[in-house]
Amino acid sequence: MAPPSHADQQAPATSGLEPQGSPVHPRQLGVHEWDRYALVIDARSPHEYNEDHVPGAVNLPVVDDEQYAEVGIRHKTDKHGAYLIGVEYSLQNIARHIKPLISRYTPQDRFLVYCFRGGKRSRLWADNLRTIGFEVDVISGGWKNYRSWVRAGLETLPSRFSYRVLCGPTGCGKTRLLHALERQGAQVLDLESLASHRGSLIGALPGEPQPTQKMFDSLLLERMRTLDPARPVWLEAESKKIGNVQLPLALFEAMHRSPVIHVDAPMAERVLLWREDYAHFATDPVGMVRRLEPLKPLVGKETLGLWHELAAARRVDELFESVMARHYDPCYQRSTRRNYGEQEEQQALHLTSLGEQGLADAAEQLLKGIAEV
């Protein structure tokens, strides 16, 4: 559909909303919490939805990508014709979803609909659903307003929490320890999981693309809104960027003001962890070294040549150890000094084993406040 005017935008549904808990709440958009709705419908085109959407929303486009482009082109020279064909496509597409999807719901169910600005595409869905008998809310200002809400939330929400930051060289089990802490009831913010990336040059997850920056922001805000400010939040130390996505400045700065737990483990345990967590590189060490080639100015021609030799000979354990010892460990030390300064040695945790029981014991002692185990 053609872009709506401000006059087309729906007014927010402000009556009867539940009391606000988190200072960042969908009521600021004129709607309930997302889970109060039986279905959240994103009426935008698929490419808009894939870039970012309300967590849990289902994409039921009024017009698909090709139709959206066609209507937009025609709108430049023939506004009436654009609306005519746009409504025709819209009714056809909405009709396709009525029986297989919408018919599953009862009149007691409440729906939420949004499009780019909360205008024509939202209205087409909302009017049809209301005609059927459903209660329907529309995000005032659409996704554009939602996106502003997300950005504002990430500027203010991170400062409300106290953090415990797990620092340590790559392969020392920080992520596993984070999961062990969560299993024992700790409040955890797993940034690498949200980013679908392990946070290094070789940190991409096979077959698992990263979210866009906007989608990462949405996922991060949604997770942070569930956290309790009265309890500490455990997380790993991260660079400003995790793969292709960037942490919000407020969170990055808050992490660097927080108590640090310096985690370490024997090299043999770290190599074993790499064999498990980077199994795709254990089977393709040459591919791993190829990804490390941009490090040549840092590690030198001789070191990179050694890695190529080890990879070609499939001496995987030696390769993993060399990559950690010659690049990641010095890089970690520089980064920790730069970002955490005097806090580096505030608390030390030496893990003798990165197995499940060893991590469970370490997590238990951390939560009891024991500084060294």
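How many helices and how many strands are there in the protein chain? The answer is 16 helices and 11 strands, and I should say at once that we are looking at a predicted model, so please keep that in mind through everything that follows.

Let me begin with the chain as a whole. Its C-alpha atoms fill a box of roughly 70 × 45 × 35 Å when that box is taken along the principal axes, and of the 373 residues, 49% count as buried. If we take the contacts between residues at least 6 apart in sequence, 72% of them join residues that are at least 24 apart.

Now to the sheets, and I will take the one with the lower strand numbers to start. Here 4 strands form an open sheet in the order 2-1-3-4, and the pairing is parallel. Strand 2, residues 58-59, and strand 4 stand at the edges, each with a single partner strand, so one side of each is left without a neighbour in the sheet. Helix 4, which covers residues 120-132, packs on this sheet and touches strand 1, strand 3 and strand 4, and its direction makes about 165 degrees with that of strand 4.

Strand 3, residues 110-114, deserves a little more time. Strand 1, residues 39-42, pairs with strand 3 in the parallel sense over 4 bridges, and strand 3 also pairs with strand 4, residues 135-138, again in the parallel sense and over 4 bridges. If you would like to follow individual residues on the screen, find I41, whose bridge partner in strand 3 is V113, and then continue to strand 4, where the bridge partner of V113 is V138. You can also look for L112, which stands opposite D137 in strand 4. Is strand 3 mostly covered or mostly uncovered? Strand 3 is mostly covered, with 4 of its 5 residues buried.

The other sheet I want to show is an open one of 5 strands, in the order 6-7-5-10-11, and its pairing is parallel. Strand 6, residues 187-188, and strand 11, residues 348-350, are found at the edges, and each has a single partner strand, so one side of each has no neighbour in the sheet. Helix 6 packs on this sheet, where it touches strand 5, strand 6, strand 7, strand 10 and strand 11, and the direction of helix 6 makes about 160 degrees with that of strand 7. As for the edge at strand 6, 2 bridges join this strand to strand 7, residues 233-236, and the two run parallel; within that pairing, Q187 stands opposite V233.

Let us turn to the pockets. The largest pocket holds about 1100 Å³ of space, and 45 residues line it, with E192, R198, G199, S200 and E238 lying nearest its centre. The elements that give two or more residues to this lining are helix 6, helix 7, strand 8, helix 10 and helix 15. Which of the elements gives the largest share of that lining? It is helix 15, with 10 residues. By class, the lining divides into 17 nonpolar, 16 polar and 12 charged residues.

The second largest pocket holds about 220 Å³ of space, and the residues that line it include R147, R151, E155, D217 and A250. Helix 5, helix 8 and helix 9 each give two or more residues to this lining, and the largest share, 4 residues, comes from helix 5. Sorted by class, the lining of this second pocket has 5 nonpolar, 2 polar and 4 charged residues.

Helix 9 is worth following a little further, since A250 in the lining of the second largest pocket is also one of the buried residues of this helix. Helix 9 is mostly covered, with 6 of its 8 residues buried, among them L251, F252 and M255. The buried residues of helix 9 pack against helix 5, strand 5, helix 7, helix 8, strand 7 and helix 15.

I will finish with a residue on the outside, E309, which is found in helix 14, residues 301-312. Why does E309 count as exposed? Its relative accessibility is 55%, and because the cut-off for exposed is over 50%, E309 falls on the exposed side. E309 and L319 are 10 residues apart in sequence, and their C-alpha atoms are 8.9 Å apart in space.

Key: Residues numbered from 1 in each chain as written. Predicted model: local features only at pLDDT ≥ 70, side-chain atom pairs only at ≥ 80, totals over all residues. Heavy atoms only, no water. 1 Å grid on protein atoms, 1.4 Å probe; cavity = no way out; pocket = protein on both sides within 12 Å on 5 of 7 lines; lining within 4 Å. Points joined across faces, edges and corners; volume = space filled by probe spheres on them. Nonpolar A, V, L, I, M, F, W, Y, C, P; charged D, E, K, R; others polar. Pairing = 2+ DSSP bridges. Contact = heavy atoms within 4.5 Å. Axes fitted to C-alpha atoms, helices over the stretch in contact; angles between N-to-C directions. Buried < 20%, exposed > 50% of the residue type's maximum accessible area, 1.4 Å probe, protein only.
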